[in-house]
Amino acid sequence: MIVLKWIKKNLLFVIVGLLLAAYAFSVIYSLLWGLLSTIKKYSDFINDPIGLPKQLDFSNWARAFSELKITQENKTYYMEHMLLNSVIYAVGCAFLQTLTGCVSAYLCSKYKFFYSKIIYGIVIVTMILPIVGSLPSEIQMLQAIGLYGTFAGVFVMKMNFLGLYFLVFYAAFKSISWSYAEAAFIDGASHFRVMTRIMLPLVKSTFLAIFMLNFIGYWNDYQAPMIYLANHPTMAYGLFYMRFVSTSSFGKAPMQLTGCMLLTIPCFVLFMIFQKRLMGNLTVGGIKG
């Protein structure tokens with residue numbers, strides 16, 4: 001009876017908890033199923049795609065390391081080259097895009113100049129109205145400045161403040177008291193020093209979380225490297241190439257799942273390293289007068 005009364009009193013809490021538990025189970029089950037499928041033989045996978053492997057077979061991993069390669073213009077790019085390109089592309093684009101949005105949001109939230117309202121309005125409008133047809137103009141612009149096909153060109157293209165994360169940073173800086181900056185100004189600090197030494201460290205948890213989300217998005221992106229970095233293929237583009245372009249064994253499900261697991265490992269390791277910072281709450285203390 002006591003349990004039933006507690007359930008009736010906290011019915012919404014129970015429903016939300018059950019939904020979250022079901023979602024967590026589906027995600028964990030999918031990852032475990034994918035991992036187990038990588039150590040199955042193709043015949044075992046066809047006969048029983050859901051069941052446990054009858055015999056552990058790590059040949060899929062060995063073949064993935066050896067066969068994951070791209071041959072373009074009489075040049076072969078192996079897995080180590082694509083892995084290095086993926087790290088440069090994902091880390092560079094994620095960091096620069098996160099930093100640009102963070103600094104833009106800080107200036108718009110803490111400095112009341114005329115253009116801050118315009119920038120804020122541009123962010124809202126671009127989120128509401130879909131922007132299509134920008135690909136040809138972006139390619140022409142990069143070709144005109146001589147950066148097409150280079151990492152620098154992609155970095156320049158990704159340095160924008162548009163999107164939802166600008167609003168996240170805007171709200172984070174709005175919640176921080178300006179008294180911190182005023183105290184620093186009295187001590188002789190410049191505006192740049194206040195931003196880099198006081199304000200940005202206060203949103204480091206938010207910055208790291210958004211950086212991680214951007215990193216995962218760029219790590220799994222194959223379209224941009226295929227278009228803008230043809231001579232610098234990434235891991236994601238390599239899997240796409242092996243699956244849809246080449247005639248290798250990557251067309252089989254166990255090999256595809258092995259490639260997906262290879263892409264998942266860096267994201268998982270990065271999350272495990274920074275999980276405390278990602279899960280930690282941002283706490284801002286009071287000002288002592």
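The following paragraphs describe how several helices pack in this predicted model and what lines its largest pocket.

Two packed helices are described by the angle between their axes and the distance between the axes. Helix α9, residues 164-174, is a useful place to begin, together with helix α5. The axes of these two helices come within 8 Å and cross at roughly 45°. An angle of this kind falls outside the ranges for roughly parallel, antiparallel or perpendicular, and α5 and α9 are therefore oblique to each other. Their crossing is right-handed. On the α5 side the contact involves Thr98, Gly101, Cys102, Ser104, Ala105, Tyr106, Cys108, Ser109 and Lys110, while α9 contributes Phe166, Phe169, Tyr170, Phe173 and Lys174. Sorted by class, these residues comprise 8 nonpolar, 4 polar and 2 charged.

Helix α9 also packs against helix α6, which spans residues 114-128. Here the angle is about 140° and the axes lie 9 Å apart. Because angles count as roughly antiparallel when they are over 145 degrees, α6 is classed as oblique to α9. The crossing of α6 with α9 is left-handed. In this contact, Ile119, Tyr120, Val123, Ile124 and Met127 of α6 meet Leu164, Phe166, Leu167 and Tyr170 of α9. The contact has 9 nonpolar residues, with no polar and no charged ones. Phe166 and Tyr170 of α9 thus appear in the contact with α5 and in the contact with α6.

Helix α5, residues 79-110, has a further partner in helix α11, residues 191-202. The two pack at an angle of about 105°, and their axes are 12 Å apart. Since angles of 65 to 115 degrees count as roughly perpendicular, that is the description given to α5 and α11. From α5, the residues Cys102, Val103 and Tyr106 meet Val194, Met195, Met199 and Leu200 of α11. This contact consists of 7 nonpolar residues, with no polar and no charged residues. Cys102 and Tyr106 of α5 are found both in the contact with α11 and in the contact with α9.

Attention now turns from helix packing to empty space. The largest pocket holds about 460 Å³ of space. Its lining is formed by 17 residues, and those nearest its centre are Leu31, Thr264, Ile265, Cys267 and Phe268. Helices α2 (11-37), α12 (204-219) and α15 (253-279) each provide at least two residues of this lining. Of the contributors, α15 gives the most, with 8 residues. By class, the lining of the largest pocket divides into 15 nonpolar and 2 polar residues, with no charged residues.

Methods. Residues are numbered from 1 along each chain as its sequence is written. This is a predicted model: local features need pLDDT of at least 70, side-chain atom pairs count only at pLDDT 80 or more; totals for chains, interfaces and linings use all residues. Side-chain values use heavy atoms; hydrogens and water are left out. Axes are lines fitted to C-alpha atoms, for helices over the stretch in contact, and angles run from 0 to 180 degrees between N-to-C directions. Helices (H or I, at least four residues) and strands (E, at least two) are DSSP runs, numbered from the N terminus. Angles under 35 degrees count as roughly parallel, over 145 as roughly antiparallel, 65 to 115 as roughly perpendicular and the rest as oblique. Contact means heavy atoms within 4.5 Å. Ala, Val, Leu, Ile, Met, Phe, Trp, Tyr, Cys and Pro count as nonpolar, Asp, Glu, Lys and Arg as charged, and the others, Gly among them, as polar. A crossing is left-handed if the near helix is turned anticlockwise from the far one by less than a right angle, and right-handed if clockwise. On a 1 Å grid over the protein atoms alone, a cavity is a set of points where a 1.4 Å probe fits but cannot get out, and a pocket is an open set with protein on both sides within 12 Å along at least five of seven lines; lining residues have an atom within 4 Å of a point. Grid points are joined across faces, edges and corners, and a volume is the space filled by probe spheres set on the points.
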